[in-house]
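Trainee: I am new to this structure and would like a close look at a single part of it. Could you take me through that part slowly, once we have the picture in front of us?

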Amino acid sequence: MPTDRKRVDAVVLGAGAAGLAAARDLSQAGLRVTVIEARPRVGGRILTVHDPRSPVPIELGAEFVHGEAPETLAVARAAGLAVLELPDVHEVATRGRFRPMGDFWHMIERMNKDLAKRVSARGKDFPVSEYLESGRVSGPSKGMLRSFVEGFYAAIPERISAKSLAEEAEDGDDESQIEGKQFRIGNGNDALMKWLRDGLDPERCDVRLSTVAQSIRWKRGRVSVTCQGADGTELPGLTARTALTTLPIAVLKAGTLKFDPAMPAKQRALALLETGQIFKIVLRFREAFWEDADFLKERREPSRGDGVGKSVNFLHAPGTELPTWWTAAPVHAPILTGWVGGVAAENLLAEEPASRLERSLVALSEVLAVPRRELETQLEAWTSHDWRADPFARGAYSYIGVNGTAAPRALGRPVDGTLFFAGEATNGEQIGTVAGAIASGRRAAREILRVLQ
Ligand SMILES: Cc1cc2nc3c(=O)[nH]c(=O)nc-3n(C[C@H](O)[C@H](O)[C@H](O)COP(=O)(O)OP(=O)(O)OC[C@H]3O[C@@H](n4cnc5c(N)ncnc54)[C@H](O)[C@@H]3O)c2cc1C
C-alpha cells in the first residue's frame, strides 16, 4: 500500500457540518489536518441546488434552523448570510379546508411532559408507540402526534425512545428544537459549509474529495487510514496522530469502514441509535397559485382570526401519503415541498422516481383540493434526493432508540486519546440537526486539542 510520508496531527473522516467545523477549529489552532471526503463535494447531508430557473436555492437535505440553534446562527452571522425567520403559520388541511393548528405545539409539549411522568412511573424506557396506543390520546390528536413523531424525528414510533422525548420536555425552554422560531438561510445552507471550509488554513489543512476511507488501523498515538477512489482504485493511505470519524451512523453500522482493533463499545452504542428515513420532494410551479386571494378565500374560514391574510407556510394533512407540505415563505416563490418520514417514507422510497412524483401529486391534490391534472399542468420541474440509497448517508438523520439515551455520548466518547467521534448522532440534545453536527465537531476538536497541545 502506498503511504504518505508526512504524518499529520489529525485525519478527519467526512466533510459534512461536523467534519468541517472540527477541521476549521483544529487548523486554526495550528494543527496539521487532512480531511477525507467520499463525495466530490463538501457538505454531506446539506445539499443545496442553485438552479437559475428557481428564485430560491433548493434544499434537498437540511433546510431549517430549528429554534435559536446558536451553533448554526453563529456561523450565519460570521459569514454575513441572510437569515430568514419563518412566519410560523401552521394549518391543518382537510380536503381543501385549511384551519389553524391552534395549540398544536402545546399538544406536543403535553405529550412530552406526559411521557416524562410515565417514564418516571415505570422506571424504564419504552417505545413512543405504546403511549400513542395507550388510550391517553385519541381521535385526531393521536393521528397528529403519530404524524409529528414520524415527520419531525423521521422515526418509527415503535422504535423511538419515550425517554428521549421526555428529556426534551425537561429541557423544554426557548432553545428547544421543537418550539420557538424557525429560520432558513436565504443564501442556501451550502453557504454555511463554504464559510466553514474557507476557514481551513491551506498551509495546514488538506481536503481530499472523492476519497473513500476503507479502514483505520490504530494504536495509542498513531492511526493509519486506507482509502479508495470513488471508482474503487486504491489511493495513498495516510498516517496521523489522531483520527476523528464523523460518518453517519448508518454508514458505520454497515461496516464499510473497518476499525482494527474493533471497538465493541461503539457497536453497542450504535445498536441503540436509529436512522430515520425521509422522503422529501420539491415541486416548482409556473406560479404560486396558493397565494391567490380567491384560492385562500375558498379554503380558509372568513371569520377566523389566526392566519387570515397571512401567506400559507406549513400545511399538515395527517392520513395522506405526504402529510406535510410547506412553501418558501417568507419568500414568495412558486415552490412547494412535500415531506414524510418513517415507514411511509420507506414505502415511497421503494417506488420508482416517476411513481414517487405521481403519488406526491395525488397527495397534494387531496391536500389543496386542486385536480391532479391541473397541478401537472402548473408543474415546471421537480427534484428529490434518495438519502436512503445514497451510500455515504444510508438514511436521513438519527434518533434515539429505546434504552438509548446514553448512546450519543457513548458513541462520541474518545478512545485512548487517539480515536475521536463527532456527527449529529453523537449530540443527544440536538440529534438529527446541523446545529448538533457543528456543535459535535467543535466538541471533538476541543478534545483533540486537549490531547495534542
Ligand atoms: C432530507 C433531510 C432533511 C433534513 N432537514 C434538516 C433541517 O431542516 N434542519 C436541520 O438542522 N437538519 C436537517 N437534516 C439533518 C442534517 O442534514 C444532518 O443532521 C447534518 O447535516 C449531519 O451532519 P454530519 O456532519 O453529522 O453528517 P454528514 O453531513 O452526513 O457528513 C458526513 C460525511 O461523511 C462522508 N462519508 C461517508 N462515508 C465516508 C467514507 N467511507 N469516507 C469518507 N467520507 C465518508 C459523507 O459523504 C459526508 O459528507 C436533514 C437531513 C436530511 C437528509
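Mentor: Let us begin with a term that we shall need: a salt bridge is a side-chain nitrogen of Lys or Arg within 4 Å of a carboxyl oxygen of Asp or Glu. The part to look at is the interface of domain 1 and domain 2, and please keep in mind throughout that this is a predicted model. The protein chain is divided into domain 1, made of residues 8-50, 188-272 and 402-452, and domain 2, made of residues 89-180 and 278-383. Their C-alpha centres lie 32 Å apart, and the contact between them takes 8 residues from domain 1 and 10 residues from domain 2. Between them the two domains bury about 600 Å², with 53% of that area on carbon and sulfur atoms. On the side of domain 1, the residues that lose the most area to domain 2 are Val402, Asn403 and Thr405, which together make up 72% of what that side buries. When we search across this interface with the rule stated at the start, we find 0 salt bridges, whereas the rule for polar contacts finds 2 residue pairs, both at pLDDT 80 or more. Sorted by class, the side of domain 1 that touches domain 2 has 2 nonpolar, 5 polar and 1 charged residues. As a last step away from the interface, the model also holds a ligand, which 37 residues surround, Glu37, Arg39, Arg45, Phe64 and Val434 being the closest. An N or O atom in the side chain of glutamate 37 is 2.6 Å from an oxygen atom of the ligand, and a polar side-chain atom of arginine 45 lies 2.7 Å from a ligand oxygen atom.

Terms used. Residues numbered from 1 in each chain as written. Predicted model: local features only at pLDDT ≥ 70, side-chain atom pairs only at ≥ 80, totals over all residues. Heavy atoms only, no water. Domains from an automatic or database assignment. Contact = heavy atoms within 4.5 Å. Buried area = accessible area lost by both parts, 1.4 Å probe. Polar contact = N/O pair within 3.5 Å; in protein donor to acceptor, adjacent residues only side chain to side chain. Nonpolar A, V, L, I, M, F, W, Y, C, P; charged D, E, K, R; others polar. Near = heavy atom within 4 Å.
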